[in-house]
Each structure stands twice: as structure tokens, then as C-alpha cells.
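Trainee: I would love a close look at one single part of this protein. Could you pick a spot where charged side chains pair up and walk me through it slowly?

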Amino acid sequence: MANILVVDDEMGIRELLSEILGDEGHVVATAENAQQARELRAAAKPDLVLLDIWMPDTDGVTLLKEWQRDGMLTMPVIMMSGHATIDTAVEATRIGALNFLEKPISLQKLLKAVQQGLTRGQEVTRIASMPVRAPIAPADHHHTPLDKALPATSSQMYPPIASAPLMSADTQFFTASFELPLREARDAFERAYFEHHLGQEGGSMTRVAEKTGLERTHLYRKLKQLGVEPGKIAKKGV
């Protein structure tokens, strides 16, 4: 069961989506405009948002930009529209939308997109909750005075998360600031994920594609989007 926010200016769409998702066991809140959506988002963080693009007061893309700017885009957002162009869909995805559904929305596509969105949200939450492990110093068999063996303060034991690398080749632990917006945290994880596999496979796109389950063209496009350069990583031996 998840908390889902449906934002659409058409009452029929709100009622239909609320009924379908309610039958699936989800708790659904509805908003007929951007202002109501702002208030509901400020009151509680939904697990997923279904956001219409064309609304009378403020359109969905503008609202998406606001949430990103204010650090409130911490949940998966699926855009909906019956009139949007490809450019609008691409822009929404670039800002942080997870998916785009074209109206009229089929039941199968709706449920599949919602499940994918909730799964992605859970993955990001799980990653953010993983403990950050401090590096273990090599064993020293020589006697060390007790006052020198123990650090004076906890800040010396655990460096700030913001200064920690995204991925260490030695420890294989991913770390990132929990204050990042959802999309930035996801991009940071994916960047570290692909850099790790590229380093392991010596920069071989074929082997990385096989290992990650992506087609080569999709992999190339994804790496370009993330700013990952396979050639440089292969030379560094990350």
C-alpha cells in the first residue's frame, strides 16, 4: 500500500484514477490544481505523484520545476497529458519526472507505470538508508597507547557525508548526501554504478551492456546523459 497524489483539473480523471488505485490497495489524495497540490505536498510526502501537464492556474511542468527548485522533488512523479508534445515530455523527464503517460491512459499502462514508480522510489529510499561505513585502518601489531588508539571526537571517526566519494574501488560502498533531490540522488547512484562496472570490465561496452542488462545503444545514451566517459575510466582503471 502506498500514498499516491493525483493532480488533474478534470474531475472524471481524478475520480477514475482514485477508484482504480484505491482498488489496488493504495491511499489516494486528489488535487484539482497546482495550489492544492502544493498544499498536499507540503503537508505530507506522497510515495508517488500522478501530475497532469495542462492545468488552468499553473501547468504541471512549472509545478515540477518548483518542486525541484525547492528540494521537494523527493518522490517519483509520473506526468500525464492528452495534448503534450514530445518536447514537453522530454523537458519533464529532464527536470525529474520518472515517466510520461498519454491520455486516455489504459489500465495496464497505468498500473505498470505506478508499480515501476513505487519500486524506483523504494530503491532510492533503501540506498539512502544504507549505513555509511568508515574505512578500516590496517592492523598494527605494535603496542599503541590507549589514549592514542581511541579518537578524541566522533567527528574524527566519521567524516562528513558530503565530502565522501560516491564510490570507492576498495570498499565498494556508495555514499551520497541525503539532502539531494530524488533525481540527483538517483543520477549519483547510477553514475557510480556504471563507473564501477566499466572499471571492472576495462571499459568494454559490450561486457558492461551484458552485465547490466541494457542494450548497447541504451547504454551509450545513458552514459552520455550521466556524463560518464568509458575511455577515461578504462585508462584510470577505476
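Mentor: Happy to! Let us start with arginine 120, which counts as partly exposed because its relative accessibility is 25%, and buried would need a value under 20%. Keep in mind as we go that this is a predicted model.

Now look for the partner of arginine 120. Its side chain meets that of glutamate 190 in a salt bridge, at 3.9 Å from N to O. The two residues come from distant parts of the chain: arginine 120 belongs to helix H5 (residues 107-129), glutamate 190 belongs to helix H8 (residues 182-200), and their positions lie 70 residues apart in the numbering. Here is the general idea behind such a pair: side chains of opposite charge can pair when their charged atoms come close.

Next, stay with glutamate 190. This residue is buried, with a relative accessible area of 11%. Glutamate 190 also forms a salt bridge with lysine 222, where the closest N and O atoms are 2.9 Å apart. Lysine 222 sits in helix H10 and glutamate 190 in helix H8, so this pair ties together parts that are 32 residues apart in sequence. Lysine 222 counts as buried too, at 17% relative accessibility.

Put these pieces together and add one more residue: Arg120, Glu123, Glu190 and Lys222 are linked in a network of salt bridges. For the whole model, the count comes to 10 salt bridges.

From lysine 222 we can follow helix H10 to its neighbour. The axes of helix H9 (residues 205-212) and helix H10 (residues 216-226) come within 9 Å and cross at roughly 100°. That angle makes H9 roughly perpendicular to H10. On the H9 side, the contact is made by Met205, Thr206, Val208 and Ala209, and on the H10 side by Arg216, Leu219, Tyr220 and Leu223. Sorted by type, the residues of this contact are 6 nonpolar, 1 polar and 1 charged.

Helix H9 brings us to one last charged pair. Glutamate 201 and lysine 211 join their side chains in a salt bridge, at 3.2 Å from N to O. Glutamate 201 lies in the loop between H8 and H9, lysine 211 lies in helix H9, and the two are 10 residues apart. Which of the two is buried and which is partly exposed? Glutamate 201 counts as buried, at 15% relative accessibility, whereas lysine 211 is partly exposed, with a relative accessible area of 42%.

Terms used:
Residues numbered from 1 in each chain as written. Predicted model: local features only at pLDDT ≥ 70, side-chain atom pairs only at ≥ 80, totals over all residues. Heavy atoms only, no water. Axes fitted to C-alpha atoms, helices over the stretch in contact; angles between N-to-C directions. Helix = DSSP H or I, 4+ residues; strand = E, 2+ residues; numbered from the N terminus. Parallel < 35°, antiparallel > 145°, perpendicular 65-115°, else oblique. Contact = heavy atoms within 4.5 Å. Nonpolar A, V, L, I, M, F, W, Y, C, P; charged D, E, K, R; others polar. Salt bridge = Lys/Arg side-chain N within 4 Å of Asp/Glu carboxyl O. Buried < 20%, exposed > 50% of the residue type's maximum accessible area, 1.4 Å probe, protein only.
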